[in-house]
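User: Could you take a close look at one part of this structure for me? I would like to see how two helices that pack together are arranged, and then what surrounds them in the wider fold.

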Amino acid sequence: MTQAVMDERNFVIGPGGMLHGRLRVPGDKSISHRAIMLGSLAEGETRVSGFLEGADALATLASFRAMGVSISEPDHGRLRVSGVGLHGLRQPSAPLYLGNSGTSMRLLCGLLAGQPFESVLEGDASLSRRPMKRVTEPLAKMGAQIDTAEGGTAPLTIRGGHPLTGFRYDMPVASAQVKSCLLLAGLFAEGETWVREPAPTRDHTERMLEGFGYPVLRDQGWVGVAGGGCLRGGDIDVPADISSATFFLLGASIAAGSEVVLEHVGINPTRTGVIDILSLMGADIELRHRREVGGEPVADIRVRAAQLHGIRIPEHLVPLAIDEFPAIFVAAACARGTTVLTGAEELRVKESDRIAVMAEGLQALGIDAQPTPDGMVITGGALAGGWVDSHGDHRIAMCFAMAGLCASGRIEIARCANVETSFPGFAELAAAHGLAIRAERA
Ligand code: S3P
């Protein structure tokens with residue numbers, strides 16, 4: 001597979017404005033990945049609606065096509081996966097290129113460790129810097145043979161054909177990607193594979209396995225699977241991604257006069273830390289019409305502007321809001337008083353070092369933001385205009401775009417093309433609801 005070349009883009013945000021109206025942000029990225037993976041491994045057809053047609057989930061889709069799975073072309077979030085069963089994947093004829101997507105790489109690594117063939121996983125410059133030993137080491141304990149680049153990074157060569165044996169693994173980091181990787185490997189292992197996480201993380205894999213009729217074992221904080229079962233395809237309605245909705249929660253909270261309703265957002269309790277944190281800061285957020293769709297809780301979220309205040313962020317909320325800290329940092333910059341985050345060293349190994357890059361960007365806009373090894377101390381103040389480098393990190397680009405609502409001058413954000421990985425159409429949707437944003441070719 002060849003490496004897609006994305007045209008680089010910058011965002012230019014006129015200062016001021018407010019957000020208004022009802023909108024639905026694109027589908028949940030985590031659930032979209034898993035719908036393709038489990039749909040491919042299932043018996044029978046899986047029909048997906050609400051699929052995120054962003055570069056990350058499309059990289060997963062392309063990988064399964066390259067392994068012989070027939071997947072219809074996504075059309076407004078609808079697609080069909082013709083499952084090949086747990087043992088029906090074919091060896092890809094070339095390395096699988098996963099772009100910017102850590103979820104694709106870590107989950108596929110577990111799934112491919114259990115195949116009878118060899119495969120190679122590659123990523124872009126950011127993904128090729130991210131730690132992969134957190135999955136390759138426990139997989140090796142199950143019997144997998146995986147070669148990494150020096151330092152334990154991609155490319156990964158997964159030497160299939162080595163039988164896996166189930167085991168028990170006490171995870172050192174709270175990571176849904178590691179948990180999911182090992183559970184997926186466990187589907188192909190002899191016996192039972194159990195993992196325990198140091199703090200709860202998103203449980204979409206467990207929910208979808210059960211939705212596909214695969215028993216998930218639970219015992220006093222441990223979660224596991226027994227190898228050799230069978231998945232049955234079905235319908236998946238992917239809710240809107242709370243991580244994408246977050247940018248509108250932020251923008252509407254900080255821009256006086258704003259009121260927005262975000263429709264059909266996934267509110268799985270392992271994902272709603274951002275609502276808890278913003279609410280502790282004084283945000284005016286209301287969940288309406290709570291319902292359950294295909295095993296995942298969903299609601300419409302109404303958010304209105306409010307005066308935010310600084311808080312000490314409770315550490316137990318960190319894994320439940322792990323992707324939302326760029327936006328929470330901007331909220332803290334617009335709040336009265338000081339916000340303190342600790343226990344979040346994981347932010348340093350995301351698509352960028354989100355502690356360093358956010359501190360640099362906030363400082364460029366005149367905010368007192370002090371990075372610490374595992375978090376940040378931010379004192380709210382007056383946001384000026386300025387130039388910010390997103391370092392190619394989608395969530396950093398989008399949170400600084402929303403900062404423009406509160407800034408006294410124009411904000412220019414460099415290297416925004418990767419917004420396509422999780423939120424295609426972000427600039428257009430935000431502009432339609434009141435943000436003065438222009439995307440320019442770099
Ligand atoms: C994800 C898990 C999280 C998150 C990522 C998606 C997933 O990573 O940051 O965007 O879909 O499992 P970690 O589990 O490594 O924290």
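Analyst: Happy to help; here is a walk through one helix pair, followed by the cores and another helix. Please keep in mind that this is a predicted model.

Let's begin with the pair formed by helix H1, residues 29-41, and helix H2, residues 55-66. Their axes lie 9 Å apart and meet at an angle of about 10 degrees. Angles under 35 degrees count as roughly parallel, so H1 is roughly parallel to H2. On the H1 side, the contact is made by Lys29, Ser32, His33, Ile36, Met37 and Ser40. H2 answers with Asp56, Ala57, Thr60, Leu61 and Phe64. Sorted by class, this contact of H1 with H2 has five nonpolar, four polar and two charged residues.

Now for the cores. The largest nonpolar core has 82 residues, and Phe11, Leu262 and Phe426 have the most contacts inside it. Beyond its neighbours within four places in sequence, Phe426 touches Phe11, Phe247, Phe248, Met398, Ala401, Met402, Val419 and Ile437. Separate from this is a second core of 64 residues, which includes Ala57, Val135, Leu156 and Val216. Ala57 is also one of the H2 residues in the contact with H1.

Lastly, helix H8 covers residues 273-280, and its buried residues are Gly273, Val274, Ile275, Ile277 and Leu278. These buried residues pack against helices H7 (242-254) and H9 (325-333), as well as strands S16 (284-293) and S17 (296-304). Just after H8, Gly282 adopts a positive phi of about 105 degrees.

Notes. Residues numbered from 1 in each chain as written. Predicted model: local features only at pLDDT ≥ 70, side-chain atom pairs only at ≥ 80, totals over all residues. Heavy atoms only, no water. Core = buried A, V, L, I, M, F, W, Y, C linked by side-chain atoms within 4.5 Å. Buried < 20%, exposed > 50% of the residue type's maximum accessible area, 1.4 Å probe, protein only. Contact = heavy atoms within 4.5 Å. Axes fitted to C-alpha atoms, helices over the stretch in contact; angles between N-to-C directions. Helix = DSSP H or I, 4+ residues; strand = E, 2+ residues; numbered from the N terminus. Parallel < 35°, antiparallel > 145°, perpendicular 65-115°, else oblique. Nonpolar A, V, L, I, M, F, W, Y, C, P; charged D, E, K, R; others polar.
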